[in-house]
Amino acid sequence: MKIAILAHTLFPISEPYAGGMEMITHLLSKKLMQRGHEVDLYAVKGSDPELNVVAYASLADVSAEETEHENANDSSRFECYQLSEALLKIAVGNYDVVHNNSQHYLPVLLGEKMAIPFITTLHIPAFEFLQYAFKYLGEDTRQVFTAVSSHLKGVYKDLGITSRTIYNGIDLSVWKFKEEMPKKTLLWFGRICPEKGTHQAIAIAKRLNIELILAGPISNPDYYTREVEPYIDQNRVTYAGHLDHEELNTLIGKCSATLFLSTWEEPYGLAIAESLACGTPVVAWNKGAAPEILTEKCGVLVRENDFEELAQAIHYAFTLKRADCRERAENFCSIDSMVSNFETLYEELLVASPKGKMMLV
């Protein structure tokens, strides 16, 4: 098959990843290519050159006249410009399937104008502009939606959007299992921002007097300066930086439990899958998709903001078998399973909707 994949326009699709969507888009493109498909990844410049990247337009590509009259410096309007240019290229690209991972409303709207299968994977809750797009589509939409968890599927069902659950996956060959039990050390990793609960991880670690290691990009500098940096003493609380997969893999394997304390309804939670793959149990708030990934053999779910229960859960997590964590990752969190499910969906849609030309009207 010839497949067009639309990434978002914010960050390159390359390591070290800015977040989970970048990693998933990268793995999906890479694995589909390895399986013999012709894949064009529409993404920002600086994405992995090993992928067949069709770069979005940049400000340097826009003439001075366009910049003046079209206000190309306005990020929202320029993002529409970038995606419109990409969709026009797809219109003449002779694709079998378009897979939209952009999380932007414009491809959702224009997807209705396609005569070839158009799939949008839902990675995030429906923010304001996405809701407007869904209201426009109505119940008779021609495109297909997938959700990264059953929890997220339910969120969109409440908005009248029917989707199929295809869980995210990770490359288990990259995340190495470490069997021996390390010393009691807690780990928190992800984007450092309020909604990921970095401050809560610090609070419980200090309360229990257990070493905590933080890792990930600082996506909210003000929050980091106010809520995180003052507590980093390079002794009990350490910041390891923004790590690539190999570095993060080593770090996870050295820790005895991972804290997953997102303050919002996490649509999936790739940090959970990555931790389990390395053999490290996870303690998480009982919300979002965490209950779909964790079992009693590999993690502990805790009522949100119940720090007494959280403290008990951490001590219990130290007793869980690391082999059971890896087994759960192998059975539930594999990228190969995710890609196979998408291949099956692509094939179903091609049978139901023979290849035609894209229409933009």
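Let us start with T258, which counts as buried because its relative accessibility is 1%, below the 20% limit for that label. In this predicted model, T258 has its place in strand β11, which covers residues 257-260. The side chain of T258 makes a polar contact with the side chain of S275, at 2.8 Å. S275 also appears in a longer list of contacts: leaving out residues up to four places away in sequence, T258 touches L187, F189, S275, T280, P281, V282 and V283.

From one buried residue we can turn to the nonpolar cores. The largest of them has 67 residues, and within this core F134, I170 and L276 touch the most other members. Which helix gives this core its largest share? That is helix α14 (residues 335-352), with seven residues. Apart from this core lies another one, made of 29 residues, including A201, I204, Y223 and L261.

F134 deserves a closer look. With a relative accessible area of 5%, F134 is buried. If we set aside its neighbours within four places in sequence, F134 is in contact with V108, L122, A126, F145, Y156 and I161.

One of these contacts leads on to the aromatic rings. The count of aromatic pairs in the model comes to ten. Among them is the pair of F134 and Y156, whose ring centres are 5.5 Å apart and whose planes stand at 85°. This pair is classed as edge-to-face, because planes over 60 degrees apart count that way. The two rings link distant parts of the chain: F134 sits in helix α5 (residues 128-137) and Y156 in helix α6 (residues 150-157), with their positions 22 residues apart. Y156 is buried too, at 0% relative accessibility. Elsewhere among the aromatic residues, Y105, F129 and Y132 form one cluster.

Next, find the sheet. Seven strands make up an open sheet with parallel pairing, and their order is β3-β2-β1-β4-β5-β6-β7. Where does this sheet have its edge strands? They are β3 (53-55) and β7 (164-165), each of which pairs on one side only. In general, the strands of a sheet pair through backbone hydrogen bonds, in either a parallel or an antiparallel sense. At the β3 end, strand β2 (residues 38-43) pairs with β3 in the parallel sense over three bridges. Here L41 stands opposite V53 in β3.

Helix α13 (residues 322-332) offers another view of buried residues. Those of this helix are R322, D324, C325, R326, R328 and A329. What do they pack against? Their partners are the helices α9 (245-253), α10 (270-277) and α11 (290-293).

Finally, consider the cysteines. A disulfide is a covalent bond between the sulfur atoms of two cysteines. How many disulfides does the model have? The count comes to zero. C333 shows why it has no such bond: its sulfur is 8.1 Å from the closest cysteine sulfur, in C298, which is too far, since a disulfide needs the two sulfur atoms within 2.5 Å. C333 counts as buried, at 0% relative accessibility. C80 is buried as well, with a relative accessible area of 16%.

Notes
Residues numbered from 1 in each chain as written. Predicted model: local features only at pLDDT ≥ 70, side-chain atom pairs only at ≥ 80, totals over all residues. Heavy atoms only, no water. Core = buried A, V, L, I, M, F, W, Y, C linked by side-chain atoms within 4.5 Å. Buried < 20%, exposed > 50% of the residue type's maximum accessible area, 1.4 Å probe, protein only. Helix = DSSP H or I, 4+ residues; strand = E, 2+ residues; numbered from the N terminus. Contact = heavy atoms within 4.5 Å. Pairing = 2+ DSSP bridges. Polar contact = N/O pair within 3.5 Å; in protein donor to acceptor, adjacent residues only side chain to side chain. Phe/Tyr/Trp six-rings, centres within 6.5 Å; stacked < 30°, edge-to-face > 60°.
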